[in-house]
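Grab a pencil and work through a few exercises on the model below. Try each task yourself before you read the solution.

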Amino acid sequence: MKKDFLSILDITKTELGEILSDAERLKRQKRAGVPHELLRGMSLAMIFEKSSTRTHISFEVGMHELGGHALFLNAKDLQIGRGEEIRDTARVASRYVSGVMIRAYRHSTIEELAANATIPVINGLSDREHPCQLLADILTIREHFGDTRDLTVAWVGDGNNVCTSLILSSVLTGMAVTVASPKGYEVAPETIQRACKLGGTVKTAPSPAEAVKDAHVIVTDTWVSMGDETEREKRLAAFHGFTVNDQLLRHAAPDVRVLHCLPAHRGEEITGGVLDGPQSLVWDEAENRLHAQKALLVKLLKK
């Protein structure tokens with residue numbers, strides 16, 4: 001049976017461990033110049049409704065390094081841009097390619113695509129989750145700390161799709177997650193309830209300083225996501241005091257490290273001193289999108 005990756009919880013703890021181990025192996029092989037064309041002759045359709053840098057580059061390069069081929073497909077250039085139903089696109093794509101990665105505005109679009117495709121579908125970002133980002137984040141944390149269990153991770157900022165995936169990932173990783181968001185921008189309460197019900201450890205904090213207290217990792221994201229541009233001034237005002245800066249890091253554990261999925265806006269959600277400083281793992285995190293996704297592609301596509 002085909003397996004999709006629409007949510008971070010579409011994989012088990014065991015599968016996560018396998019993906020991380022494979023990602024580490026593929027990373028070593030790439031750096032050593034050892035060929036690993038595990039998906040030779042296979043193809044991945046990449047459908048983008050939204051702009052992309054890391055997702056686009058990492059999936060395209062990843063398929064190439066695995067011996068396969070990736071097709072960049074702007075949704076506006078496809079017939080779905082002229083009203084063709086997504087289920088018809090799913091059925092046709094299933095006859096042509098080995099899998100589909102899609103970045104969409106609505107999670108329901110990805111769910112409908114997956115429901116009608118006979119090949120694996122990967123969520124490259126939706127309004128609900130960004131699970132591929134979390135694979136890279138978990139890989140980065142594991143590389144630096146050796147393990148994810150018993151670590152405390154603080155989220156500071158918008159309760160958005162990345163925040164949702166981080167919270168749900170606590171079920172798989174053993175990390176305790178604390179979230180601080182401005183009033184009106186909190187993550188959906190049912191997300192926290194679901195994670196806790198499944199064995200995760202998640203709580204909210206009244207302020208960024210409380211959230212990062214003794215945290216090993218601080219994670220943030222842009223305050224103005226794609227599609228929120230008309231709310232920019234309102235959001236900048238609402239998120240005042242939520243900047244990840246040197247002063248905030250003093251409340252965290254001495255060995256704290258910082259993650260940001262990018263793109264970053266220096267001086268808003270994070271200062272340049274932190275983003276480019278010694279406590280930042282952001283650039284390792286960005287690189288690990290490639291390695292984690294290659295492992296995911298092998299897991300889903302290899303026959």
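The exercises below go from the whole chain to pairs of helices and then to single residues, and the model they use is a predicted one.

**Exercise 1: the whole chain**

Task: Work out how many helices and strands the protein chain has, and how its radius of gyration fits the globule rule.

Solution: Start by counting elements: the protein chain has twelve helices and nine strands. Next, take the radius of gyration, which is 19 Å, close to the 19 Å that the globule rule gives for 303 residues, so the chain is as compact as a globular protein of that length. Now put a box around the C-alpha atoms along the principal axes, and you get roughly 55 × 45 × 35 Å. Then check burial: 55% of the 303 residues count as buried. Finally, look at contacts between residues at least 6 apart in sequence; 74% of them join residues at least 24 apart.

**Exercise 2: H1 and H5**

Task: Find the angle between helix H1 and helix H5, and decide whether they are roughly parallel or roughly perpendicular.

Solution: First pick out the helices, H1 at residues 13–32 and H5 at residues 131–145. Their axes are 10 Å apart and the packing angle is about 70 degrees. Angles of 65 to 115 degrees count as roughly perpendicular, so that is how H1 sits relative to H5. Now for the residues that touch: from H1 they include Leu16, Ile19, Leu20 and Ala23, and from H5 they include Leu135, Ile138 and Leu139. Sorted by class, this contact has seven nonpolar, two polar and four charged residues.

**Exercise 3: H6 and H7**

Task: Describe how helix H6 packs against helix H7, including the handedness of the crossing.

Solution: H6 covers residues 161–173 and H7 covers residues 189–197, with axes 8 Å apart and an angle of about 15 degrees. Anything under 35 degrees counts as roughly parallel, so H6 is roughly parallel to H7. The crossing is right-handed. On the H6 side, Thr164, Ile167, Leu168, Ser170 and Val171 take part, and they meet Thr191, Ile192, Arg194 and Ala195 of H7. The class tally for this contact is five nonpolar, three polar and one charged.

**Exercise 4: H3 and H4**

Task: Say which word fits the arrangement of H3 and H4, and which residues meet there.

Solution: The axes of H3 (residues 86–96) and H4 (residues 107–116) come within 8 Å and cross at roughly 45 degrees. The two helices are therefore oblique to each other. Their crossing is right-handed. Ile86, Arg87, Ala90 and Arg91 of H3 meet Thr109, Glu112, Leu113 and Asn116 of H4. That contact counts three nonpolar, two polar and three charged residues.

**Exercise 5: two single residues**

Task: Place Glu15 and His251 in the structure, and classify each as buried, partly exposed or exposed.

Solution: Begin with Glu15, which lies in helix H1. Its relative accessibility is 17%, so Glu15 counts as buried. Leaving out neighbours within four places in sequence, Glu15 is in contact with Lys3, Asp10 and Lys299.

Move on to His251, which is in the loop between helix H10 and strand E9. With 39% relative accessibility, His251 counts as partly exposed. Beyond residues up to four places away in sequence, His251 touches Ala209, Val212, Lys213 and Asp214. As a last step, look across to Val298: it is 47 residues from His251 along the chain, and their C-alpha atoms are separated by 40 Å.

Conventions
Residues are numbered from 1 along each chain as its sequence is written. This is a predicted model: local features need pLDDT of at least 70, side-chain atom pairs count only at pLDDT 80 or more; totals for chains, interfaces and linings use all residues. Side-chain values use heavy atoms; hydrogens and water are left out. Axes are lines fitted to C-alpha atoms, for helices over the stretch in contact, and angles run from 0 to 180 degrees between N-to-C directions. Helices (H or I, at least four residues) and strands (E, at least two) are DSSP runs, numbered from the N terminus. Angles under 35 degrees count as roughly parallel, over 145 as roughly antiparallel, 65 to 115 as roughly perpendicular and the rest as oblique. A crossing is left-handed if the near helix is turned anticlockwise from the far one by less than a right angle, and right-handed if clockwise. Contact means heavy atoms within 4.5 Å. Ala, Val, Leu, Ile, Met, Phe, Trp, Tyr, Cys and Pro count as nonpolar, Asp, Glu, Lys and Arg as charged, and the others, Gly among them, as polar. The radius of gyration is taken over C-alpha atoms; the globule rule is 2.2 Å times the number of residues to the power 0.38. Buried means under 20% relative accessible area, exposed over 50%, partly exposed in between (1.4 Å probe, protein chains only).
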